[in-house]
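Visitor: I am new to this structure, and I would like to learn how to read a few of its features with some care. Could you take me through them?

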Amino acid sequence: EGRRDQCEVPRDPKYPDCAGKVEWMRARWTSDPCYAFFGVDGTECSFLIYLSEVEWFCPPLPWRNRTVALPSPPPLPRVQATFQSDLAHLLELIGTGKESLSFMKKRIRHLAQQWLRGARRLEQKLKDQQRDQKHILIHIGFLTEESGDVFSPRVLKGGPLGEMVQWADILAALFLLGHSLRVTVSLKDLQSQLGVPPGRGNCPLTSPLPFDLIYTDYHGLQQMKQHMGLSFKKYRCRVRVIDTFGTEPAYNHEEYATLRGFRTNWGYWNLQPTQFMTMFPHTPDNSFMGFVSEELNKTERQFIKSNKVSSMAVVYGKEASIWKGKEKFLAILNKYMEIHGTVYYETQRPPEVPAFVKNHGLLPQHEFQQLLRKAKLFIGFGFPYEGPAPLEAIANGCVFLQARFNPPHSSLNHEFFRGKPTSREVSSQHPYAEDFIGKPHVWTVDYNNSEEFEAAIKTIMRTQVDPYLPYEYTCEGMLERIHAYIQHQDFCTTSSPPPPPKAKSPAMQSPPSLLALSPNATHLVWSPSARRDPHAWPPVDSLQVWVSETPHSCTDTCRRRGLVCEPTFFKFLNKKEVFLQLSITCDSTEYEMNHLYPAVAEKVHECYLQKEPLLFSCAGYNTKYRRLCPCRDYRQGQVALCRDCL
């Protein structure tokens, strides 16, 4: 009747929070201007309209003209993505005004021909596979003023560039795959792209999210959470978080992290762990995003081979602090080789760099490349961890020499990793180079043993190596991987696993097992007679179930078998009968929340199953347990994808 003060709070068991929310609104509706923006004016009716139509805590009011009730028109057919052949439009999208953006654009321009060749090769490989064009927002949170953009001013002073290298490559790959992109590096632009109502960020977005996917980082995630109100929970399945060092499940699950002492400044977002995307494939619980390194053509390879100076070494690290306390190694190295550095300085030569070292100062990328093309040895002194430079050096025909860490560095014993959401143990400065490339390109030695160090240098000088770049770090390799993720990863329609079965009467037949013992009886494989879901990705045929030895994580257990741990497969082995199939005796079986489960405590014959799917974890071990591990095969040079994953 047009009177807005005569509304009563409906009692509806389907909306148990309604009354509490109305009470909250009465007391707090002026705390954020966004409520007034949506028509809240202090009357009961306005609270109920807001809580039923903007948020979803109260039932729809019968007297409102609800246009919403009309059946929505069928969705328009999706535009198909087509490979792009010109990067000019991308450079416009990235915009201007920051040193870091200029750096990224320069990199994209420099690698343009290589990117276009990679895109053409992938296009031929995929033939005419149907691909929907996605609307994608790329919000680079660490470059916003609000997160204190510390990177831009340091671009020209030898600051860390690894993140910017990766973001530039992500932008190039998404664009070339033919998706529609928006790029934001300020909070204001983020708010306008998302449709954030004016105010302090407590209300949902003004309209449905216009993006299928959002690529951001931890800073951007925090900003989205602050400004999207309830919509953040609704849409977080569309987010992909670029996360250099990885986030393990134990740190990602808020309640568990808090109870078990895994809480850090970064973790506890309760995302699917595969929504985090890393720089190197070190955390199989996450997805491996990577970056690209420059590829050489035949002429360049020949040129490098004929112009290598076998007595020339370049030291990894642009900051003078890395050289502190390294006099002993430098003196040994100096007996055999001419040492070059690229340490940033303003006026005076940094005192940490000995006089016998030829310091070039900070070099632009292409000049640094020229230096690597001549040098025989690229040597690391333990820091920075896991950057792109060693791959570039190996791709330019250098041997990379690095220190083995004993004990390994981790968040438990090392300042750099403290507070990062991972307990990963880093056994050397660049574990990827050590594990996935290895000799003759990569030598990992004990620097505390001068004889071993000196012997390595002598052998390296005599060893012939060709330039080498793993396929996963080529443009085609990165395009192939991102294409597969966009086609197959869907965190918005995940089906929850069936609840633990109640005790059943003998008459009830349990369904036939999905797994079968392998012919040599060492592990389980997908049963030939079991049904396969054609949409499951990775395909279930690639699964092998192995039992870990006690002090080994599933990551290690799979790697030792030449396989990789695949967390999406945990749901198939989180069952009582799997223990039986593996001839494991269980006197008792419990469902509990623990990132090491499913596992068995063999001494006492106690078996444990996982109660919380978000805690399925390739990482983690305990001397008490042997874990059930889901492993899969992988494509040579592309560890992110199984053999049939394309």
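Guide: What follows is a short walk through one helix, two helix pairs and one tryptophan, and please keep in mind that the model is predicted.

Visitor: Let us begin with a single helix: which residues of helix 15 are buried?

Guide: A general idea helps here: an α-helix has 3.6 residues a turn, so residues three or four places apart point the same way. In this structure, helix 15 covers residues 327-336, and its buried residues are Phe 329, Leu 330, Ile 332 and Leu 333. Viewed down the axis of helix 15, these buried residues fall within an arc of 160 degrees, so they line one face of the helix.

Visitor: What do the buried residues of helix 15 pack against?

Guide: Their partners are three strands, namely strand 7 (309-315), strand 8 (338-341) and strand 10 (375-379), together with helix 19 (450-462).

Visitor: How should I read a pair of helices, and at what angle do helix 8 and helix 20 pack?

Guide: Two packed helices are described by the angle between their axes and the distance between the axes. Here helix 8 (residues 162-176) and helix 20 (residues 475-488) pack at about 65 degrees, with their axes 10 Å apart, and that angle makes helix 8 roughly perpendicular to helix 20. The crossing is right-handed. Helix 8 brings Asp 169, Ile 170, Ala 173, Leu 174 and Leu 176 to the contact, while helix 20 brings Met 478, Leu 479, Ile 482 and Ile 486; by class, eight of these residues are nonpolar, none is polar and one is charged.

Visitor: And how are helix 9 and helix 10 placed, and which residues make their contact?

Guide: Helix 9 (residues 187-194) and helix 10 (residues 218-227) pack at an angle of about 55 degrees, their axes lying 11 Å apart, and they are therefore oblique to each other. This crossing, too, is right-handed. The contact is made by Leu 187, Leu 190, Gln 191 and Leu 194 of helix 9 with Gln 223, Met 224 and His 227 of helix 10, a set with four nonpolar, three polar and no charged residues.

Visitor: Finally, where does Trp 266 lie, and what does it touch?

Guide: Trp 266 lies in the loop between helix 13 (254-260) and strand 5 (276-278), and at 32% relative accessibility it counts as partly exposed. Leaving aside residues up to four places away in sequence, Trp 266 touches Tyr 218, His 219, Gly 419, Lys 420 and Pro 421. Trp 266 and Thr 422 are 156 residues apart in sequence, yet 9.9 Å apart in space from C-alpha to C-alpha.

How values were computed
Residues are numbered from 1 along each chain as its sequence is written. This is a predicted model: local features need pLDDT of at least 70, side-chain atom pairs count only at pLDDT 80 or more; totals for chains, interfaces and linings use all residues. Side-chain values use heavy atoms; hydrogens and water are left out. Buried means under 20% relative accessible area, exposed over 50%, partly exposed in between (1.4 Å probe, protein chains only). Helices (H or I, at least four residues) and strands (E, at least two) are DSSP runs, numbered from the N terminus. The arc is that of the directions from the helix axis to the C-beta atoms. Contact means heavy atoms within 4.5 Å. Axes are lines fitted to C-alpha atoms, for helices over the stretch in contact, and angles run from 0 to 180 degrees between N-to-C directions. Angles under 35 degrees count as roughly parallel, over 145 as roughly antiparallel, 65 to 115 as roughly perpendicular and the rest as oblique. A crossing is left-handed if the near helix is turned anticlockwise from the far one by less than a right angle, and right-handed if clockwise. Ala, Val, Leu, Ile, Met, Phe, Trp, Tyr, Cys and Pro count as nonpolar, Asp, Glu, Lys and Arg as charged, and the others, Gly among them, as polar.
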